[in-house]
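Q: Please take a close look at one part of this structure, the helix that holds a buried glutamine, and describe what surrounds it. I would like a connected account rather than a list.

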Amino acid sequence: MRYTFKPDDCMVITIPLGNLRNTGDGHLMPEKFTCIFKDAYKVFLKGRPKELGAAQLSIGVFVICIGSLLTHEYGPPHLVYTLTSALFIASGILSFAAGNSPFMPVVKLSFIFNIISLFWSITAIVLCSLLGNHDSPGYNTRDNMFVGLKVVIGVLCGLELILALILIFWESKAVCRSHFNTLPLISIKQEA
């Protein structure tokens with residue numbers, strides 16, 4: 001028969017028992033004992049989610065600013081470069097919120113948004129390199145500015161890709177576990 005629950009050393013409770021020979025009535029169990037709890041959320045906080053979330057939020061706002069400049073100068077078809085920035089902003093807000101409170105549904109939602117943000121940042125990098133290349137034969141300052149702004153958006157999307165990867169790594173340590181049916185390990189130590 002297979003056990004449904006198993007201890008995973010995430011919570012270790014140590015109860016020191018008194019000596020059986022020297023105890024009176026009811027003094028075998030101590031009034032206080034130790035409990036060591038290894039929290040997955042504390043491991044997630046080592047990844048500094050508040051700072052990374054603020055960076056994601058800043059990148060999203062910056063990409064919206066540059067994208068609005070591109071859209072104003074070159075027309076609405078170039079709005080496609082900024083579509084991912086709303087997702088970056090949402091991921092940044094959720095990552096910051098997950099770093100502020102140990103509410104596991106927020107951490108899970110941030111994990112999901114960062115995975116989606118990872119794939120959209122890859123898509124945005126590809127779109128920046130493929131779409132809208134102007135092949136005019138002469139030197140045109142306007143085309144150079146267009147290419148420069150696309151490069152800046154591509155670099156920012158690359159930074160977003162790196163931030164999303166780091167956050168996914170740390171959030172997976174809080175969200176993904178090998179076994180969810182775990183019990184604390186209780187050890188009883190008898191004094192000599």
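A: What follows starts with the chain as a whole, goes to the helix in question, and then moves outward to its surroundings.

The model is a predicted one. Its chain has 5 helices and 3 strands, and from the N terminus on the order of elements is β-β-α-α-α-α-α-β. Of the 192 residues, 34% count as buried. Among contacts between residues at least 6 apart in sequence, 79% join residues at least 24 apart.

The glutamine is Gln56, which lies in helix H2. With 26 residues, H2 reaches 36 Å from its first C-alpha to its last, close to the 38 Å expected at 1.5 Å a residue. Its buried residues are Pro49, Leu52, Gly53, Gln56, Ile59, Gly60, Val63, Ile66, Gly67, Leu70, Thr71 and Tyr74. Just after the helix, Gly75 takes a positive phi of about 105 degrees. An unreviewed UniProt entry lists residues 52-72 as a transmembrane region, along with 78-99, 111-132 and 152-170. In the model, the span 52-72 is 100% helix and 0% strand, and its end C-alpha atoms lie 30 Å apart. For residues 152-170, the corresponding distance is 27 Å, and that span is also 100% helix and 0% strand.

Gln56 counts as buried because its relative accessibility is 0%, and the cut-off for buried is under 20%. Leaving out residues up to four places away in sequence, Gln56 touches Phe88, Ser91, Gly92, Ser95, Asn114, Glu160, Leu163, Ala164 and Leu167. Several of these residues turn up again in the other parts described below.

Consider helix H3, residues 83-100. It has 18 residues and reaches 27 Å from its first C-alpha to its last, close to the 26 Å expected at 1.5 Å a residue. Buried in H3 are Thr84, Ser85, Leu87, Phe88, Ile89, Ser91, Gly92, Leu94, Ser95, Ala98 and Gly99. Phe88, Ser91, Gly92 and Ser95 are among the residues that Gln56 touches.

Ser117, in helix H4, shares some of these partners. Beyond its neighbours within four places in sequence, Ser117 is in contact with Leu87, Phe88, Ser91 and Glu160. Phe88, Ser91 and Glu160 are also touched by Gln56. Ser117 has a relative accessible area of 0%, so it is buried.

Leu94 is another residue of H3. Its relative accessibility is 15%, and therefore it counts as buried. Apart from neighbours within four places in sequence, Leu94 is in contact with Val106, Leu109, Ser110 and Phe113. Leu94 and Val107 are 13 residues apart in sequence, and their C-alpha atoms are 7.7 Å apart in space.

H2 also contributes to the nonpolar packing. The largest nonpolar core has 16 residues, of which Ile59, Val63, Ile66, Leu70, Ile153, Leu156 and Cys157 touch the most other members. Helix H2 (49-74), helix H4 (104-130) and helix H5 (141-175) each give two or more residues to this core. H5 provides the largest share, 7 residues. Another core lies apart from it, with 11 residues, among them Val106, Leu118, Ala164 and Ile168. Two of those names have come up already: Val106 is in contact with Leu94, and Ala164 is touched by Gln56.

The cysteines can be dealt with briefly. Cys157, one of the core residues that touch the most other members, counts as buried because its relative accessibility is 0%. Cys65, at 44% relative accessibility, counts as partly exposed. A disulfide is a covalent bond between the sulfur atoms of two cysteines. A search of the whole structure finds 0 of them.

Aromatic pairing comes to a count of 1. The pair is Phe169 with Trp170; the ring centres are 5.2 Å apart and the planes stand at 80 degrees, so the pair is edge-to-face. Phe169 is partly exposed, with a relative accessible area of 44%. Trp170 is partly exposed too, with a relative accessible area of 21%.

To return to the request, Gln56 is a buried residue of helix H2, and its contacts include Phe88, Asn114, Glu160 and Leu167.

Terms used:
Residues numbered from 1 in each chain as written. Predicted model: local features only at pLDDT ≥ 70, side-chain atom pairs only at ≥ 80, totals over all residues. Heavy atoms only, no water. Core = buried A, V, L, I, M, F, W, Y, C linked by side-chain atoms within 4.5 Å. Buried < 20%, exposed > 50% of the residue type's maximum accessible area, 1.4 Å probe, protein only. Helix = DSSP H or I, 4+ residues; strand = E, 2+ residues; numbered from the N terminus. Contact = heavy atoms within 4.5 Å. UniProt positions renumbered as here; feature names shortened; annotations may be inferred. Expected span 1.5 Å × (residues − 1). Disulfide = S-S within 2.5 Å. Phe/Tyr/Trp six-rings, centres within 6.5 Å; stacked < 30°, edge-to-face > 60°.
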